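Reader: Hello! I am new to this structure and would like a close look at one part of it, with someone to walk me through what is there.

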Amino acid sequence: MRIDIITCVPNLLESYFAHSILKRAIEKKLTEVHLHDLRDYTTYKHRQVDDYSFGGGAGMVLMVEPIDRCIQKLKEERDYDAVIYMTPDGERFNQKLANRFSMLTNIIILCGHYKGVDDRVRQHLITHEWSIGDYVLSGGELAAAVVSDALIRLLPGVLSDETSALSDSFQDDLLAPPVYTRPAEYNGWKVPEVLLSGHEANIQKWRYEQSLERTRERRPDLLGG
Ligand code: 6GU
């Protein structure tokens, strides 16, 4: 999967892809992430990419032209399966969307900023609009990093144990069960007996029950009535 991220603050995103799991995924060529500085695509003076809102009102609006020029240049180079705009009024991003979109080959993610983008971008250039939660961030960059991380960790070979994404919280609409490691007893705090038993079927059953119980307690909305 290749992800092209369009932003006016590429520095904000750079370090995120330069470390840890995402860095290794890129080095192993399991994914490509390309950052594009919107200011490289403007024809205005002083690398201007935003302007006042027609009709008045507070806040600057990202102009349609630099965004269109950047997207058209990318589209000349390859076909894209989705052009996603990160915005607080978009569809709420979740694990199901992550699973579905991690199967795609090429996607563009556009980061919003200021008061948003000229609505003609959304009408003519964008195929999907996503939010990462019901709160407002000062820009879409963190949200784009969140989405990229959620997609990339699902790609085959990215996680060392390929089954481990399958046991994440939210796969199967259940939260993950508790986990323990050595020592089996610390300060008198004990690891549940069943996990030390070596009885695989009992362990699976216990984990499933714990998942259900946690979900019922913490996120009953996931169980849907
Ligand atoms: Cl995608 N962008 C911004 N600016 N704020 C958000 C968001 C996105 N998702 C939740 N809050």
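Which residues are linked with D4 in a network of salt bridges?

Author: Welcome! Please keep in mind from the start that this is a predicted model. The network you ask about joins D4 with R2 and E32 through salt bridges.

That network belongs to a wider theme, since the structure holds 14 salt bridges. One of them brings together the side chains of D37 and R47, with 3.4 Å from N to O. D37 sits in strand β2, which covers residues 32-37, while R47 sits in the loop between β2 and β3 (50-52), so this pair ties together parts that are ten residues apart in sequence. The two partners differ in how they are covered. D37 counts as buried because its relative accessibility is 16%, under the 20% limit for that word. R47, with a relative accessibility of 40%, counts as partly exposed.

Another salt bridge is formed by the side chains of R122 and D89, at 2.8 Å from N to O. Here R122 comes from helix α5 (residues 119-124) and D89 from strand β5, so the contact ties together parts that are 33 residues apart in sequence. D89 is exposed, with 53% relative accessible area. R219 also takes part in a salt bridge: its partner is D221, and the closest N and O atoms of the pair are 2.9 Å apart. At 29% relative accessibility, R219 counts as partly exposed.

Strand β5, where D89 lies, leads us on to the ligand. β5 (82-92) and β7 (128-131) each supply at least two residues of the shell around the ligand, and β5 gives the most, with three residues. Among the residues around the ligand are M86, T87, P88, W130, S131, I132, Y135 and L137. By type, the shell divides into eight nonpolar and four polar residues, with no charged ones. In contrast to the salt bridges, then, no charged residue belongs to this shell.

Polar atoms do meet the ligand, though. Y135 places a polar backbone atom 2.5 Å from a nitrogen atom of the ligand. For I132, a backbone N or O atom lies 3.0 Å from a nitrogen atom of the ligand. S131 uses its side chain instead, with a polar atom 3.4 Å from a ligand nitrogen. As for cover, the ligand taken alone exposes 290 Å², and the protein buries 96% of that.

Two residues of this shell, Y135 and L137, also turn up on the surface. Together with L142 they make a nonpolar surface patch of about 300 Å². L137 lies in the loop between β7 and α6 (141-152). Its relative accessibility is 31%, which is why L137 counts as partly exposed.

On the other side of α6 along the chain there is one more loop to visit, the one between α6 and β8 (185-186), where P178 is found. With a relative accessible area of 11%, P178 is buried. For a sense of scale, the C-alpha atoms of P178 and S53 are separated by 50 Å, and these two residues are 125 residues apart along the chain.

To return to your question, the residues linked with D4 in the network of salt bridges are R2 and E32.

Note on methods. Residues are numbered from 1 along each chain as its sequence is written. This is a predicted model: local features need pLDDT of at least 70, side-chain atom pairs count only at pLDDT 80 or more; totals for chains, interfaces and linings use all residues. Side-chain values use heavy atoms; hydrogens and water are left out. A residue is near a molecule or strand if one of its heavy atoms lies within 4 Å of it. A polar contact is a pair of N or O atoms within 3.5 Å; within protein, one must be able to donate a hydrogen and the other to accept it, and residues adjacent in sequence count only if both atoms are side-chain atoms. Accessible areas come from the Shrake-Rupley method with a 1.4 Å probe; for residues, only the protein chains shown count as cover. Helices (H or I, at least four residues) and strands (E, at least two) are DSSP runs, numbered from the N terminus. Ala, Val, Leu, Ile, Met, Phe, Trp, Tyr, Cys and Pro count as nonpolar, Asp, Glu, Lys and Arg as charged, and the others, Gly among them, as polar. Patches are made of residues with over 30% relative accessible area and no salt bridge: like charges are joined within 9 Å, nonpolar side chains (Val, Leu, Ile, Met, Phe, Trp, Tyr) within 5 Å. A salt bridge is a side-chain nitrogen of Lys or Arg within 4 Å of a carboxyl oxygen of Asp or Glu. Buried means under 20% relative accessible area, exposed over 50%, partly exposed in between (1.4 Å probe, protein chains only).
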